[in-house]
Amino acid sequence: MRVLLIGPPGAGKGTQAARIAAHFDLGNIATGALLREQVANGTELGQVAQEYMDRGDLVPDDLVIEMTRERMAQAAEEGGYVLDGYPRTLAQAEAAYRWAVARGIPFDLTLYFEIEEEELLARLAGRAREEHRSDDTEETVRHRLEVFAAQTHPLVDYYQRRGILVRINAVGPVDAISEQIFATLHWHKAKAMAAGVHRPEWALDATPG
Ligand code: ADP
């Protein structure tokens, strides 16, 4: 199973990605965390990325596309993944789609985390106090929300047209949101198997006993 998460900063993608990965035994690929790791290690990529991240801007497409590919290929081989934070632009989505289709590993489902801006600002202020992330200042947070609306939100339409978009209500208790997601993914899995779609990793799950 190959699942993408789309949603504004603060929507809870990271929290739910970890739970989805554990529940369905999938790889968890989080581009924000990968980039912060590069920054912490002082790599060449990290040095370039840091400047964009601190401003709340997106890191250039080619760098992120390159960084993510190998991990996607490996996780796909090991049974699938949850992608948190990629694709984030139409260019990334197109690149990811062409790449995945050429390898016979297209995305199965995109979960869009829906949430009001007011709720987000409150959550992000809380996270800024707890985690001291350099991109969680009030001004940067506002900018990141604008960047999401302008550059990432168009992906909702994009994946809707591809027929793989599911909307998740991202407001409420964390457990309730997980249950909503698990139910969606289980349903999707059952539907794919009933349709006889060849899914080796799911077929194994369905073996009785
Ligand atoms: P959030 O979802 O709260 O914004 P992330 O940890 O997902 O936090 O991302 C933090 C930062 O990392 C982003 O603001 C951006 O600068 C960079 N980043 C992460 N993923 C991508 C991507 N796919 N394309 C470009 N930049 C990215």
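This report describes the nonpolar cores of a predicted model and one of its helices, α9.

Residues are numbered from 1 along each chain as its sequence is written. Local features need pLDDT of at least 70 and side-chain atom pairs count only at pLDDT 80 or more, while totals for chains, interfaces and linings use all residues, and side-chain values use heavy atoms, with hydrogens and water left out.

The largest nonpolar core (buried Ala, Val, Leu, Ile, Met, Phe, Trp, Tyr and Cys residues joined through side-chain atoms within 4.5 Å) has 33 residues, and Ile29, Met72, Tyr81, Leu83, Tyr86, Phe107 and Tyr159 touch the most other members. Elements that each supply at least two residues of this core include the following, given as DSSP runs (helices H or I, at least four residues; strands E, at least two; numbered from the N terminus).

| Element | Residues |
|---|---|
| β1 | 2-6 |
| α4 | 61-77 |
| β3 | 81-84 |
| α8 | 154-162 |

The largest share of this core, 6 residues, comes from α4. Leaving aside neighbours within four places in sequence, Leu83 is in contact (heavy atoms within 4.5 Å) with Val3, Leu4, Leu5, Ile29, Thr68, Met72 and Phe107.

Helix α9 spans residues 174-194 and reaches 30 Å from its first C-alpha to its last. Its buried residues (under 20% relative accessible area, 1.4 Å probe, protein chains only; exposed is over 50%, partly exposed in between) are Ile177, Ser178, Ile181, Phe182, Thr184, Leu185, His188, Lys189 and Ala192. These residues lie on the same side of α9, because they cover an arc of only 160° around the axis, taken from the directions from the helix axis to the C-beta atoms. On the other side of α9, Glu179, Trp187 and Ala194 are exposed.

Conventions: Expected span 1.5 Å × (residues − 1).
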